[in-house]
Amino acid sequence: MNLAKNWKSFALVAAGALAVVSLAACGKSASGTKSSDASANLNKKQTITLWTFTTEQPQIDELKKLKPNLTIKQVVIPYADFQTKLDQVIGTSKGPDMVALDAGFVEKYVESGKLTDLASYGVSSAAKDNYKYTLDMGKNAKGQQVAISYQAAPGAYYYNTNVFQKYLGIAPSDTKAAQAALSSWSQIEKTAQTIKDKSGGKAYLFSSLEEIYNPVIGARKTGWVKDNKLKIDSTMTDSLDLMKDFVSKGLTQNTTAQSADWFAGMSNNTVGTYALPSWGLFYWLKDYSKGTAGDWRVTAGPVSYSWGGTWLAGVKGAKNSDAASALSVYLSTDKTFQTWEAKTQNDFVSVKTVNDTVGKDASVSLLGGQNPYPIFSNVAKNINGKNQTQYDQNIQSLWINDVVNPYANGKITKDKALKNFKNDVKSAYPALSVD
């Protein structure tokens with residue numbers, strides 16, 4: 001079962017690796033007909049073939065206690081090859097019953113016409129307590145829910161209290177003052193300048209430009225494509241001069257995101273803030289904050305955005321599409337399973353009330369005992385899930401490579417950068433209208 005964090009996508013086993021796992025079941029066997037009960041179709045003996053891009057499978061062990069009559073054949077394909085291989089067989093007799101889809105390419109398959117409408121599997125009532133953005137990202141242009149996520153991945157700002165106290169005079173307990181220092185992009189530039197000045201250029205607010213462009217991209221009001229036309233949200237162009245200022249004024253280390261230098265700032269008290277998703281707390285910050293563990297806190301920052309996540313879907317016309325569709329809904333909405341996921345996998349799940357219950361009295365030692373759940377929940381409630389399109393993964397890479405990096409580093413004019421970007425988008429997608 002691919003119930004994994006987005007960051008692990010690139011360290012996977014060879015294509016075609018197959019694991020056959022028996023999943024559990026409780027209750028009376030049901031027929032294979034569609035049902036308003038999300039789990040009604042999961043109690044008879046049957047096999048579901050799942051294609052995924054990760055080897056993580058602790059959830060399978062838990063499902064053995066719940067659905068013993070199911071067998072899951074998991075085909076693990078490296079992230080870089082996943083779409084190419086899936087495109088060749090999806091919807092055919094050689095294709096999977098169920099797919100796990102990363103946030104970077106979920107919209108491509110949502111709009112493909114290859115996924116099952118989950119309406120017949122009770123998704124409307126079952127998912128009434130799920131975060132809206134996770135549902136919006138799984139709906140096609142017709143409004144059909146064809147994919148559903150078992151987790152939410154709200155983005156936030158994690159800040160080093162040593163840096164904030166030493167250079168900004170903000171006490172570790174004063175989370176309101178920290179949020180105020182990161183409350184808007186104009187305030188963020190002022191905060192960055194103060195840290196540079198007070199540290200004599202030895203400390204920085206941000207390690208990389210990603211701390212700006214990831215939240216900006218995620219918080220856009222308008223997606224990259226609308227009515228078959230390329231759209232560049234005004235916040236995208238507005239942020240360009242800010243990023244150029246950060247480089248030219250020395251307000252960032254200007255490292256490459258997720259590089260060794262970028263991670264190093266988490267442990268040496270030279271970087272004040274990282275923009276990370278909820279899962280980044282335990283799968284990046286925990287691993288790289290040696291010597292600073294307990295000195296970090298989390299706050300919302302200037303915008304609400306998401307980063308990562310995995311959507312599950314049944315494939316239309318597949319042999320066991322019914323069971324695959326029902327399982328997708330079950331894993332993403334069942335409160336018993338979601339509670340286990342939240343408690344044992346350090347995951348911020350898709351069901352709001354589960355997070356509220358599990359996180360009511362949470363205390364994270366890495367964050368000095370802070371409870372991050374209220375922050376994550378408030379961000380998740382305000383994320384825009386309608387700004388996603390099937391073109392996002394490629395177009396966003398072009399934006400960063402054609403515009404952000406060369407312009408912010410003074411290698412090209414803004415007009416030239418935008419012209420290059422539009423030309424490359426047109427080359428990649430000739431059917432799109434590019435002004």
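Buried means under 20% relative accessible area, exposed means over 50%, and partly exposed covers what lies in between. Keep these cut-offs at hand for the exercises below, which explore a predicted model.

**Exercise 1. Locate Asn-228 and decide whether it is buried, partly exposed or exposed.**

Step 1: Start with the place. Asn-228 is found in the loop that runs between β8 (225–226) and β9 (229–230).

Step 2: Look at the accessibility. The relative accessible area of Asn-228 is 40%, so this residue is partly exposed.

Step 3: Add the backbone. Asn-228 has a phi near 65°, a positive value in a residue other than glycine. For background, most residues other than glycine have a negative phi.

Step 4: Try another residue with a positive phi. Asn-346, which is not a glycine either, has a phi near 55°. Its loop lies between α14 (335–344) and α15 (352–358). Asn-346 counts as partly exposed because its relative accessibility is 35%.

**Exercise 2. Describe the surroundings of Thr-255: which residues is it in contact with, leaving aside its neighbours within four places in sequence?**

Step 1: Find the residue. Thr-255 sits in the loop between α10 (234–248) and α11 (260–264).

Step 2: Classify it. With a relative accessibility of 16%, Thr-255 counts as buried.

Step 3: List the contacts. Once neighbours within four places in sequence are left aside, Thr-255 is in contact with Ser-207, Ser-208, Asp-261 and Trp-262.

Step 4: Look at one of these in detail. The side chains of Thr-255 and Ser-207 are joined by a polar contact of 2.8 Å.

**Exercise 3. Place Leu-312 and Asp-136 in their elements, and explain why each counts as buried.**

Step 1: Leu-312 belongs to strand β12 (residues 310–314). Its relative accessible area is 0%, so Leu-312 is buried.

Step 2: For a sense of distance, take Leu-312 and Gly-369. Along the sequence they are 57 residues apart, and in space they are 33 Å apart, C-alpha to C-alpha.

Step 3: Asp-136 belongs to helix α5 (residues 132–136). Asp-136 is buried because its relative accessible area is 13%.

Step 4: Leaving aside neighbours within four places in sequence, Asp-136 is in contact with Gly-385 and Lys-386.

**Exercise 4. How many salt bridges does the structure hold? Work through three pairs: Lys-108 with Asp-87, Lys-249 with Glu-189, and Lys-414 with Asp-241.**

Step 1: The structure holds five salt bridges.

Step 2: Lys-108 and Asp-87 meet through their side chains in a salt bridge of 2.8 Å, N to O. Lys-108 is in helix α3 (residues 106–110) and Asp-87 in helix α2 (residues 79–89), so this pair ties together parts that are 21 residues apart in sequence. Lys-108 is partly exposed at 26%, and Asp-87 is partly exposed at 39%.

Step 3: A salt bridge of 3.3 Å, N to O, brings together the side chains of Lys-249 and Glu-189. This pair links distant parts of the chain, 60 residues apart: Lys-249 is in the loop between α10 and α11, and Glu-189 is in helix α8 (residues 185–199). Lys-249 counts as partly exposed at 36%, whereas Glu-189 is buried at 18%.

Step 4: The side chains of Lys-414 and Asp-241 form a salt bridge of 3.2 Å, N to O. Lys-414 lies in helix α18 (residues 414–428) and Asp-241 in helix α10, so the parts tied together are 173 residues apart in sequence. Both residues are partly exposed, Lys-414 at 24% and Asp-241 at 36%.

**Exercise 5. What is the strand order of the open sheet of four strands, and which strands stand at its edges?**

Step 1: The order is β7-β10-β6-β11, and the pairing is mixed.

Step 2: β7 (204–206) and β11 (296–299) are the edge strands; each has a single partner strand, so one side of each is left without a neighbour in the sheet.

Step 3: Ignoring direction, neighbouring strands of this sheet are turned by 20° against each other on average.

Step 4: Follow one pairing. β6 (residues 155–160) pairs with β11 in the antiparallel sense over four bridges. Tyr-159 has Arg-297 in β11 as its bridge partner.

Step 5: Add the helices. Helix α6 (residues 161–168) packs on the sheet and touches β6, β7, β10 (271–277) and β11; its direction makes about 60° with that of β6. Helix α8 also packs on the sheet, touching β6 and β7, and its direction makes about 150° with that of β7.

Key. Residues are numbered from 1 along each chain as its sequence is written. This is a predicted model: local features need pLDDT of at least 70, side-chain atom pairs count only at pLDDT 80 or more; totals for chains, interfaces and linings use all residues. Side-chain values use heavy atoms; hydrogens and water are left out. Helices (H or I, at least four residues) and strands (E, at least two) are DSSP runs, numbered from the N terminus. Buried means under 20% relative accessible area, exposed over 50%, partly exposed in between (1.4 Å probe, protein chains only). A polar contact is a pair of N or O atoms within 3.5 Å; within protein, one must be able to donate a hydrogen and the other to accept it, and residues adjacent in sequence count only if both atoms are side-chain atoms. Contact means heavy atoms within 4.5 Å. A salt bridge is a side-chain nitrogen of Lys or Arg within 4 Å of a carboxyl oxygen of Asp or Glu. Two strands pair if DSSP finds at least two bridges between them. Axes are lines fitted to C-alpha atoms, for helices over the stretch in contact, and angles run from 0 to 180 degrees between N-to-C directions.
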